[in-house]
Amino acid sequence: MFILLVTTSTNAVRAALEREKTIKLLTIDCATLGVNVLEAIERIFHDSIPDLLITYRCPYILPKRIFEQCHIGSFNIHPSLLPKYPGLNPWDKIFHNKERESGVTLHQMTKHVDAGNIIFQSSFIIEESDTVESARMKADGIAAELALKLIYQYKSYESLHFAVEQ
């Protein structure tokens, strides 16, 4: 399974996928590429279309022509319980509204930002002592779990499909 991860810097999702030896992973780091992210993605898609595209902590909106090409699908991991708090960096709003529960949503990418079908969601408690950074770290760990869950779901489907064809 060939997965393209578009993310920013080091995070738990990137680390978890890099440890997963049963996939071919290519990572585009938005922090190092800056405005050339779309150009880099288009070069990759020109050479080989990924089975899965996953975005996490990606500050760019990818065009439909890109995310609709993936063989299995394109998914975004968002740090809130969608549909609540869509958009880039919801942390200020979450803390401004004194939320005591938040979470992470893994959803399909569509032309509308953070509006695709929800595949997985997982929540966590925001403690009185939590800061934006500590809550973000909680979300980071959950995001990694959801990314792996997505991959394992499709890998087991592939195995089952292959066994049935035999």
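**View A. Phe75 and Gln108 face each other where strand 4 meets strand 5.** Phe75 belongs to strand 4, residues 73-78. Its opposite residue, Gln108, lies in strand 5. The two strands pair in the antiparallel sense, over four bridges. Two strands count as paired if DSSP finds at least two bridges between them. Helices (H or I, at least four residues) and strands (E, at least two) are DSSP runs, numbered from the N terminus. This is a predicted model, where local features need pLDDT of at least 70, side-chain atom pairs count only at pLDDT 80 or more, and totals for chains, interfaces and linings use all residues. Residues are numbered from 1 along each chain as its sequence is written, and side-chain values use heavy atoms, with hydrogens and water left out.

**View B. Phe75 takes part in an aromatic pair with Tyr154.** The structure holds one such pair. The ring centres of Phe75 and Tyr154 are 6.3 Å apart and the planes meet at 45°, so the pair is tilted. The pair joins distant parts of the chain, with Phe75 in strand 4 and Tyr154 in helix 6 (residues 132-165), 79 residues apart. Rings of Phe, Tyr and Trp (its six-membered ring) pair if their centres lie within 6.5 Å; planes under 30 degrees apart are stacked, over 60 edge-to-face, and the rest tilted. Is Phe75 buried or exposed? Phe75 counts as buried, because its relative accessibility is 1%. Buried means under 20% relative accessible area, exposed over 50%, and partly exposed in between (1.4 Å probe, protein chains only).

**View C. Six strands make up an open sheet.** Their order is 2-1-3-4-5-6, and the pairing is mixed. Strand 2 (24-29) and strand 6 (118-125) stand at the edges, each with a single partner strand, so one side of each has no neighbour in the sheet. From one strand to the next, the twist averages 15°. Strand 1 (residues 2-7) and strand 3 (residues 52-56) run parallel and are joined by five bridges. Leu5 stands opposite Ile54 in strand 3. Strand 5 and strand 6 run antiparallel, with seven bridges between them. Gly103 has Ser123 of strand 6 as its bridge partner. Six of the eight residues of strand 5 are buried, so strand 5 is largely enclosed by the rest of the structure.

**View D. Helix 1 and helix 3 lie across strands of the sheet.** Helix 1 (residues 12-19) crosses strand 1, strand 2, strand 3 and strand 4. It runs at about 155° to strand 2. Helix 3 (residues 37-47) lies across strand 1 and strand 2, at about 175° to strand 1. Axes are lines fitted to C-alpha atoms, for helices over the stretch in contact, and angles run from 0 to 180 degrees between N-to-C directions. Contact means heavy atoms within 4.5 Å.

**View E. Asp29 and Arg14 form a salt bridge.** Their closest N and O atoms are 3.1 Å apart. The pair links Asp29 in strand 2 to Arg14 in helix 1, 15 residues away. Both Asp29 and Arg14 are buried. Together with Glu18, they are linked in a network of salt bridges. A salt bridge is a side-chain nitrogen of Lys or Arg within 4 Å of a carboxyl oxygen of Asp or Glu. The whole structure holds nine salt bridges.

**View F. Lys84 and Glu99 connect two loops.** Their salt bridge has its closest N and O atoms 3.0 Å apart. Lys84 lies in the loop between strand 4 and helix 5 (91-96), and Glu99 in the loop between helix 5 and strand 5 (101-108), so the pair ties together parts 15 residues apart in sequence. Lys84 is partly exposed, at 44% relative accessible area, while Glu99, at 18% relative accessibility, counts as buried.

**View G. Arg43 and Glu39 form a salt bridge within helix 3.** The closest N and O atoms are 3.6 Å apart. Four residues separate Arg43 and Glu39 in sequence, about one turn of the helix. Glu39 counts as partly exposed, at 46% relative accessibility.

**View H. His71 lies in the loop between helix 4 (64-67) and strand 4.** His71 counts as exposed, at 56% relative accessibility. Which residues does His71 contact, leaving aside its neighbours within four places in sequence? They are Ile49, Pro50 and Asp51. The C-alpha atoms of His71 and Leu53 are separated by 9.2 Å.
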